[in-house]
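Okay, thanks everyone, I'll keep this short. Let's put the structure up and walk through it together.

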Amino acid sequence: MQSGKLTRRGFVIGSTGAAAAVLTGCSTTTLETSRSEIVPIVHPVLETTYGPIPNEQFPLPAIPYQKIDKRYYRQMVSDPTGERPGTLVVDTANYFLYLTYEGGQAMRYGVGLGRQGFEWSGKGVIQYKRQWPRWTPPDEMVARQPELAPYSIANGGMPPSLKNPLGARALYIFQNGEDTLYRIHGSPEWWTIGKSVSSGCVRMINQDVVDLYGRVPGKTPIVVTSLPRFSEA
């Protein structure tokens, strides 16, 4: 497995996804300027990658990237998946999503995953994708959580907004022509990246899902699997 450290060749900035160099030693530590004042270190590349996106239907606020484990930052890495270029791979063991490229490279994103008992795995395709989608929890979820009834399929779902659980973008996974009810989507809850908290979907930082959306056409193949345990050594 490749190293999770950021390198000069390994990072990608901007929602357009252009490859760019990154300084080594990106840190999430703080500098103590006085006994009472702690100032987070600011990294200019990450400030761009996870800064505000004002030209959205609902302008996206900046993400406090200093509070996120640096392994989950968007970055180009050596491809560990063995899948052909142009494939999405969700690695449920390590909370990563990969988009594979030619030359043994892959764009890697950090993700949050479903709670135990709600996961889906296998192969499918991205049947379609949406910007600022409506959220329509399936009837089974509404049955478990009656408070979601106002957003049921019958009631038309929840309109898009910054608080919508599907975030700024959603990619819809189908298998054998059937909707798996499994999505790759944005989330305002950036602190859930690297954790198992949602009800079965792959959640991303909104800035990252906007980037991914621009890279992935419809009918892109997707594999949801468990890769060997990631090591930063």
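So, which element gives the largest share of the lining of the largest pocket? It's β10, with six residues. Keep in mind that we're looking at a predicted model.

Let's stay with that pocket for a moment. Its volume comes out at about 820 Å³. There are 34 residues lining it, and the closest to the centre are W135, P138, M141, S199 and C201. Besides β10, which runs over 178-187, the elements that give two or more residues to the lining are α2, at 139-144, and β11, at 196-198. If you like to think in chemistry, the lining breaks down into 18 nonpolar, nine polar and seven charged residues.

Now, β10 also takes us into the sheet. This is an open sheet of nine strands with mixed pairing, and the order is β3-β6-β5-β4-β13-β8-β9-β10-β12. The edges are β3 and β12, the latter covering 202-205, and each of them pairs on one side only. On average, neighbouring strands here are turned by 30 degrees against each other, ignoring direction.

On the β12 side, the partner is β10: those two pair in the parallel sense over four bridges. If you want a spot to click on, S187 stands opposite I205 in β12.

Over at the other edge, have a look at Q75, which sits in β3, residues 75-78. Is Q75 buried or exposed? Its relative accessibility is 1%, so Q75 counts as buried. And the side chain of Q75 has a partner: it reaches the backbone oxygen of Y73 at 3.0 Å.

Note on methods:
Residues numbered from 1 in each chain as written. Predicted model: local features only at pLDDT ≥ 70, side-chain atom pairs only at ≥ 80, totals over all residues. Heavy atoms only, no water. 1 Å grid on protein atoms, 1.4 Å probe; cavity = no way out; pocket = protein on both sides within 12 Å on 5 of 7 lines; lining within 4 Å. Points joined across faces, edges and corners; volume = space filled by probe spheres on them. Nonpolar A, V, L, I, M, F, W, Y, C, P; charged D, E, K, R; others polar. Buried < 20%, exposed > 50% of the residue type's maximum accessible area, 1.4 Å probe, protein only. Polar contact = N/O pair within 3.5 Å; in protein donor to acceptor, adjacent residues only side chain to side chain. Pairing = 2+ DSSP bridges. Axes fitted to C-alpha atoms, helices over the stretch in contact; angles between N-to-C directions.
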